[in-house]
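Me: I am new to this structure. Please take a close look at a single part for me, and then follow the links from that part outward.

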Amino acid sequence: MSGTIKVGISDLNVARSPDILMTYALGSCVGICLYDKTKKIAGLSHIMLPASTATHGAVQPYRFADTAIPILVQKVVALGANKRFLTAKIAGGARMFATGGASGTSLSNIGQRNVIAVKEALAKLAIPIIAEDTGKDYGRTLYFNAENGIMHIKSAKCGEWDW
């Protein structure tokens, strides 16, 4: 019998088959799913911001792409995953509010900045992104199945689909 493990905003968790990791409220935030299909071990991080270096004072490491992703890798490996077999799927990074710049690429677009930071962090760790549902202008709820590595997306605006 599988269970659903909820991952909150600025949070992360890991699971084994047959469990499902789930996070909601992916607007400009990005959900990062890591998977070792040989061991059926999954990890999910819900990051809010691109870089911990832009903050002052105490840092909540699960909040930032540059700190949360390495921690997530450590946790899936500690559960038994092989880092060499990890793949990633990402979702979120939407432009939820219209702000300056007609092209949608202005620096005020935190969703886009989050996606870039996530891709950079994964590249630095040599983890390939095999599926992506990012950008656009709507929020998402993400379910990640540790049994088969399927990332299921639900959107109030656009329906449901799998990656």
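Reply: Start at the hairpin of E8 and E9 in this predicted model. Five residues lie between the two strands. One residue to find there is Gly149, which takes a positive phi near 75°.

Now look at the strands themselves. E8 and E9 run antiparallel, and four bridges join them. Thr141 can serve as a marker: its bridge partner in E9 is Lys154. E8 is mostly covered, with five of its six residues buried.

E8 also pairs with strand E3, which covers residues 20-26. That pairing is antiparallel too, over five bridges. Ile20 has Asn145 as its bridge partner in E8.

Go on to E9, residues 151-155. E9 pairs with E10, residues 159-162, in the antiparallel sense. Four bridges hold that pairing. His152 is matched with Asp162 in E10. Between E9 and E10 comes another hairpin, through three residues.

Next, the charged pairs around these turns. Side chains of opposite charge can pair when their charged atoms come close. How many salt bridges does a search of the whole structure find? It finds four. Three of them are worth a visit here.

Go back to the loop between E8 and E9. Glu147 forms a salt bridge with Lys40, and the closest N and O atoms are 2.9 Å apart. Lys40 sits in the loop between E4 and E5, while Glu147 is in the loop between E8 and E9, so this pair ties together parts that are 107 residues apart in sequence. Glu147 counts as partly exposed because its relative accessibility is 34%. Lys40 is partly exposed as well, at 31%.

The loop between E9 and E10 has a charged pair too. Lys157 meets Asp137 in a salt bridge, with 2.9 Å between the closest N and O atoms. Asp137 belongs to the loop between E7 and E8, and Lys157 to the loop between E9 and E10, so parts 20 residues apart in sequence are tied together. Lys157 is exposed, at 55% relative accessibility. Asp137 is partly exposed, at 43%.

A further salt bridge joins Glu132 and Lys119, at 3.0 Å from N to O. Glu132 is in strand E7 (residues 129-134) and Lys119 is in helix H2, so the pair ties together parts 13 residues apart in sequence. Glu132 has a relative accessible area of 29%, which makes it partly exposed. Lys119 is partly exposed at 33%.

Now for a charged residue without such a partner. Asp36 is in strand E4, residues 30-36. Asp36 is buried, yet it has no salt bridge. Which side chain of opposite charge is nearest to Asp36? It is Lys39, 5.5 Å away. A salt bridge needs the nitrogen within 4 Å of a carboxyl oxygen, so that distance does not qualify.

What, then, does the side chain of Asp36 meet? A polar atom of the Asp36 side chain lies 3.2 Å from the backbone nitrogen of Lys39. The backbone nitrogen of Asn82 is 2.7 Å from a polar atom of the Asp36 side chain. Among the residues that Asp36 touches further along the sequence are Ile41, Ala81, Phe85 and Leu86.

Move along to Lys83, in the loop between H1 and strand E6 (87-92). Lys83 is partly exposed, with a relative accessible area of 37%. The side chain of Lys83 reaches the backbone oxygen of Leu125 at 2.7 Å. Lys83 also touches Val73 and Val77. The C-alpha atoms of Lys83 and Ile127 are separated by 8.3 Å, though these residues are 44 apart along the chain.

Finish with H1, residues 65-79. Why is a span of 21 Å expected for its 15 residues? The rise is 1.5 Å a residue, and the span is taken over one less than the number of residues, so 21 Å is expected. The end C-alpha atoms are 21 Å apart, which agrees. Buried residues of H1 include Ala65, Ala68, Ile69, Leu72 and Val76. The cover over the buried residues of H1 includes strands E2, E4 and E5 and helix H2. After H1 comes Gly80, with a positive phi near 125°.

Terms used. Residues are numbered from 1 along each chain as its sequence is written. This is a predicted model: local features need pLDDT of at least 70, side-chain atom pairs count only at pLDDT 80 or more; totals for chains, interfaces and linings use all residues. Side-chain values use heavy atoms; hydrogens and water are left out. Buried means under 20% relative accessible area, exposed over 50%, partly exposed in between (1.4 Å probe, protein chains only). Lys and Arg count as positive and Asp and Glu as negative; His and the chain ends are not counted. A polar contact is a pair of N or O atoms within 3.5 Å; within protein, one must be able to donate a hydrogen and the other to accept it, and residues adjacent in sequence count only if both atoms are side-chain atoms. Contact means heavy atoms within 4.5 Å. Two strands pair if DSSP finds at least two bridges between them. Lists of a residue's contacts leave out its neighbours within four places in sequence.
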